[in-house]
Structure formats: structure tokens, C-alpha cells
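Me: I would like to go through this structure by question and answer, with the reasoning kept visible at each step.

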Amino acid sequence: GLGLLGSGAVASTDRVPQMLQEAVREYSEALDAREPDLRSERFRRAQRLFRQVIVEQRVENADLYVNLGNAALQAEQVGSAIHAYRRALSIDPGHGRGRRNLGHARQLLPDWVPRPGSQTLLDTFFFWHQTLSRSARALAASLCFAIAAVLWAVAIRWKRPWARSASLLPAIVWLGLAGYLLVGGTAEEAVVTAPQVWARAADSAGAPPRFAEPLPGGTEVQIIERRGDWVRIGLADGRDAWVRASGLSAVTAPRSF
């Protein structure tokens with residue numbers, strides 16, 4: 001389910017607390033509204049206010065992005081919601097509410113839309129790496145390499161079989177973290193935030209559609225190549241296509257709404 005809405009931001013100007021209070025009030029009143037149009041409009045107002053705090057007041061943290069995502073999701077803007085949750089997790093990978101709400105939002109997408117894999121081998125055995133920032137992963141990788149090297153040196157110098165066996169675990173963790181930093185951590189990720197975009201076989205509006213249906217808002221992709229107003233994207237199932245750049249918002253780019 002969705003988490004409770006809190007302000008979750010540190011004020012940078014005198015206007016921020018007031019804007020946050022107004023956003024929370026709009027969100028709360030939307031929950032109580034019975035008329036569907038009024039309910040949607042209030043959620044959209046809350047969404048705009050949270051976005052203004054981020055963009056205009058330059059306040060960015062995971063809680064604030066989760067609140068923005070909640071308002072967008074209630075306003076039935078799944079693409080903006082998934083983008084906000086992804087932004088929250090890029091700031092705080094271990095944010096539990098953001099991760100839960102992202103999972104909820106992904107379930108609202110059509111079944112044919114590829115989702116990022118929920119688990120990798122590294123996630124399965126070393127789930128804690130999801131809670132680490134990139135710099136913390138780099139530090140952990142360095143420590144694991146040092147521990148494995150010391151144990152291997154002990155095994156060779158003093159012929160201790162136990163040291164050779166003990167070096168395997170830190171070596172495996174080092175390999176996994178190093179692989180993430182070299183491959184998984186460098187890809188530019190984005191989310192379709194337009195209501196829908198047609199994916200093409202080439203970088204032209206006249207190129208044939210890549211899929212039978214347009215990609216809906218909320219589709220998560222990796223950017224492979226840029227060419228003018230077009231970007232070549234990779235989907236979670238390995239397929240690629242060309243889409244207009246204007247339909248995407250980068251996960252790691254601040255103020256990309």
C-alpha cells in the first residue's frame with residue numbers, strides 16, 4: 001500500500017514550510033473528497049506544489065520525491081509517479097516507502113510492458129548493496145578486495161587452506177560490486193513521463209512502430225544513444241527502439257520534470 005504523506009524536507013527558504021503545508025493540506029483534502037473531479041484536481045494541485053518545492057526552491061530529498069510520487073499516482077499520472085519514486089531511490093537506495101510504492105506503481109502498467117528485474121544474483125545473496133550509495137559501494141568493493149588479498153597472501157605464505165577458502169566470499173562480493181560499478185552503475189536510466197510515446201524502428205517519425213502499442217507512461221528504460229531529438233532506448237527485456245527525447249525524464253538528472 002501507499003505510505004502516509006509527510007513533509008520530509010528541510011526548508012531552504014521561508015516559503016518552503018508554507019508550500020509543503022499547502023501541499024499536504026491539498027493531498028489530505030483530496031483523500032476526503034467524494035466528487036471524482038474535485039479529488040483529481042486536488043491531487044494535481046498537491047503534485048504541482050511538491051514539484052515547485054523541488055524545482056523552484058531547490059529542495060531535494062527522498063521523502064519529498066516519494067510525496068511527489070504519491071500525489072502523482074493518486075492523480076493517475078503513473079509515469080510521473082514512477083519517475084519520482086526512482087528519483088527518491090537514486091538519492092536514498094534504502095528508502096523503504098519509496099521502494100514499496102514503486103512496486104505498487106509498476107503493477108499498474110499493462111502486462112506487456114517490461115519491468116526491470118526485481119532481483120539480480122547480487123541482490124539475492126547480498127541484498128544490503130541496494131541500501132548503499134555509489135561511493136559506499138566503491139568503498140565496500142575496495143575493502144573486500146583488500147580482505148581477499150590478505151587472506152590469499154596468508155594462504156600462500158603460511159600454507160593455510162582455511163585462509164584460501166575464507167578469501168572466496170570477499171572475492172565474490174568484490175567481483176559483484178565491481179561489476180555493478182563498471183556496468184550497472186553507469187547506464188543512463190530514464191522513465192517515460194509522457195502519457196504515451198510511440199517507439200520507432202529508427203530515428204524518424206516516418207519509421208515503422210517498433211511495437212504494436214505505444215509505450216505507456218511509467219515504462220523504465222536505459223538510454224543507449226542520442227541523435228538530435230531522438231534517443232535509442234533499451235527495455236528491460238533486451239529490446240531496443242527509438243523515441244522522442246521529450247517523452248522521457250532521466251532518473252538521475254535533477255529537476256528533469
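**Burial, packing and confidence**

Reply: In this predicted model, 41% of the 257 residues of the protein chain count as buried. The protein chain holds 9 helices and 7 strands.

Me: What average pLDDT does the protein chain have?
Reply: Confidence is uneven along the chain, since pLDDT stays under 50 over residues 6–11, for which the model has 16 contacts beyond four places in sequence. Over residues 119–128 the pLDDT is likewise below 50, with 14 contacts in the model beyond near neighbours in sequence. Even with these stretches included, 83% of the residues score at least 70, and the average for the protein chain is 86.

Me: How far apart are the end C-alpha atoms of helix H4?
Reply: Helix H4 covers residues 78–91, which makes 14 residues, and at 1.5 Å a residue these should span 20 Å. The model agrees with that expectation, because the end C-alpha atoms of H4 are separated by 20 Å.

Me: Why is H4 described as largely enclosed by the rest of the structure, and how many of its residues are buried?
Reply: The buried residues of H4 include Ile82, His83, Tyr85, Arg86 and Arg87. They pack against helices H2 (36–55), H3 (62–74) and H5 (96–106), as well as strands E1 (188–192), E4 (220–227) and E7 (248–250). H4 is called largely enclosed because the number of its 14 residues that are buried is 12.

Me: Which element gives the largest share of the largest nonpolar core?
Reply: This core has 35 residues, of which Phe50, Val53, Leu64, Ile82 and Tyr85 touch the most other members. The elements that give two or more residues to this core are helix H1 (15–32), H2, H3, H4 and H5. With 8 residues, the largest share comes from H3.

Me: What is the order of the strands in the open sheet of 5 strands?
Reply: The pairing in this sheet is antiparallel, and its edge strands, each pairing on one side only, are E6 (240–244) and E7. Neighbouring strands are turned by 45° against each other on average, direction ignored. At one edge, E1 and E7 pair over 3 bridges, where the partner of Ala190 is Ala250 in E7, and the order of the whole sheet is E6-E5-E4-E1-E7.

Me: What angle does the direction of H4 make with that of E1?
Reply: H4 packs on the sheet, where it touches E1, E4 and E7. Its direction and that of E1 make an angle of about 150°.

Me: Which residue in the turn of the hairpin formed by E5 and E6 has a positive phi?
Reply: Strand E5 (residues 230–234) runs antiparallel to E6 and is joined to E6 by 5 bridges, with Val231 bridging to Val243 in E6. Between the two strands of this hairpin lie 5 residues, and the one in the turn with a positive phi, of about 95°, is Gly238.

Me: Is Pro116 buried, exposed or partly exposed: which of these classes applies?
Reply: Pro116 lies in the loop between H5 and helix H6 (121–125) and touches Arg106, Glu220 and Ala236, not counting residues up to four places away in sequence. The C-alpha atoms of Pro116 and Leu235 are separated by 8.2 Å, although these residues are 119 residues apart along the chain. The relative accessibility of Pro116 is 26%, so this residue counts as partly exposed.

Terms used:
Residues numbered from 1 in each chain as written. Predicted model: local features only at pLDDT ≥ 70, side-chain atom pairs only at ≥ 80, totals over all residues. Heavy atoms only, no water. Helix = DSSP H or I, 4+ residues; strand = E, 2+ residues; numbered from the N terminus. Expected span 1.5 Å × (residues − 1). Buried < 20%, exposed > 50% of the residue type's maximum accessible area, 1.4 Å probe, protein only. Contact = heavy atoms within 4.5 Å. Pairing = 2+ DSSP bridges. Axes fitted to C-alpha atoms, helices over the stretch in contact; angles between N-to-C directions. Core = buried A, V, L, I, M, F, W, Y, C linked by side-chain atoms within 4.5 Å. pLDDT = per-residue confidence, 0-100.
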